[in-house]
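Reader: I have the sequence and the structure open. Take me through the labels, and show me the reasoning behind each one.

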Amino acid sequence: MKKSLPIVLFFHSATIGLYAQQTVHKNNYTFEIQNTEGDLNKDQLKDKIVIEMDVKDETRPLRVQIFLSQPDKKLQLAVSSTQLIESEYPIDKKGKHNGNPLPMFIIEEGNLKMLTDINDRKSCYEFRYHQNNFELIKISRVYWNGKNTTFETEIDLLAQTQLNFEQELGSDEIFNKRTKKIRITPLPKIQDLSFSDLEKY
């Protein structure tokens, strides 16, 4: 029994080492894609949104983190999500790129906006900071048919309305305008949403 003890210890150590490597590999978001500053909670202090990529993972997953400034001006992590942005090389694409540019995050009038261009459909998702959460409040979309018409959608989750209309390129005239009432309660929180959830709205 004494002779087998070093062998058992060796395999035990190797297993621990392998597990540690796998754990680090899963959380290796070291490549910064975007770093945006602005006031998200109306306290006159600069908050920060950071987008990072895990370059050691073949699928190139992305992480969105939102940091809020505290009274001592130190940043505190408020949201961390690896589901909000689709991986660059999703598993279902079998090594191929997802075909879409990376989203952009901007801060306007105290709200966070996520701009996407997925399958030639441009979308803007607007979030407000409310009761310690970032809630989805507006969605706007534009799709161009490659000819002379754009198809547009404006969803207001606070007013519970959805407006659809069409426009000719180079014209301000709106036609085929349709409005309907919607009901989405409670307001979706950014940490609970995935990129596929957003595309369903």
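Reader: Which residues form a nonpolar patch on the surface?

Author: First, a caution: this is a predicted model. The patch consists of Phe31, Ile33, Val55 and Leu102. Together they have about 300 Å² of accessible area.

Reader: What makes a residue eligible for a patch?

Author: The cut-off is over 30% relative accessible area, with no salt bridge. Phe31 has 46%. That value is over 30%, so Phe31 passes the area test.

Reader: Why is Phe31 called partly exposed?

Author: Buried means under 20%, and exposed means over 50%. Phe31 has a relative accessibility of 46%. The value lies between the two limits, so Phe31 counts as partly exposed.

Reader: Where is Phe31 found?

Author: Phe31 sits in strand β1. That strand covers residues 29–38.

Reader: Which residues does Phe31 contact, leaving aside its neighbours within four places in sequence?

Author: Ile51, Glu52, Met53 and Val55. Val55 is also a member of the nonpolar patch.

Reader: What makes these count as contacts?

Author: The test is heavy atoms within 4.5 Å. The four residues are listed as contacts of Phe31, so each has heavy atoms within 4.5 Å of it.

Reader: How far apart are Phe31 and Lys56?

Author: In sequence, 25 residues. In space, 9.9 Å from C-alpha to C-alpha.

Reader: What is the strand order in the open sheet?

Author: The order is β1-β2-β3-β4, with antiparallel pairing.

Reader: Why is one side of β1 and of β4 left without a neighbour in the sheet?

Author: β1 and β4 (75–81) stand at the edges. Each has a single partner strand, so one side of each lacks a neighbour in the sheet. From one strand to the next, the twist averages 25°.

Reader: How do you know that β2 and β3 pair?

Author: Pairing takes at least two bridges. β2 (residues 47–54) and β3 (residues 62–69) are joined by 6 bridges. That meets the cut-off, so the two strands pair. They run antiparallel. One of the bridge partnerships links Ile51 to Val64 in β3.

Reader: How many helices and strands are in the protein chain?

Author: The protein chain has 2 helices and 11 strands. The run of elements from the N terminus is α-β-β-β-β-β-β-β-β-β-β-β-α.

Reader: What share of the residues counts as buried?

Author: Of the 201 residues, 38%. The cut-off for buried is under 20% relative accessible area, so that share of the chain falls under 20%. The protein chain exposes about 13100 Å², and carbon and sulfur atoms supply 53% of that area.

Notes
Residues are numbered from 1 along each chain as its sequence is written. This is a predicted model: local features need pLDDT of at least 70, side-chain atom pairs count only at pLDDT 80 or more; totals for chains, interfaces and linings use all residues. Side-chain values use heavy atoms; hydrogens and water are left out. Helices (H or I, at least four residues) and strands (E, at least two) are DSSP runs, numbered from the N terminus. Axes are lines fitted to C-alpha atoms, for helices over the stretch in contact, and angles run from 0 to 180 degrees between N-to-C directions. Patches are made of residues with over 30% relative accessible area and no salt bridge: like charges are joined within 9 Å, nonpolar side chains (Val, Leu, Ile, Met, Phe, Trp, Tyr) within 5 Å. Accessible areas come from the Shrake-Rupley method with a 1.4 Å probe; for residues, only the protein chains shown count as cover. A salt bridge is a side-chain nitrogen of Lys or Arg within 4 Å of a carboxyl oxygen of Asp or Glu. Buried means under 20% relative accessible area, exposed over 50%, partly exposed in between (1.4 Å probe, protein chains only).
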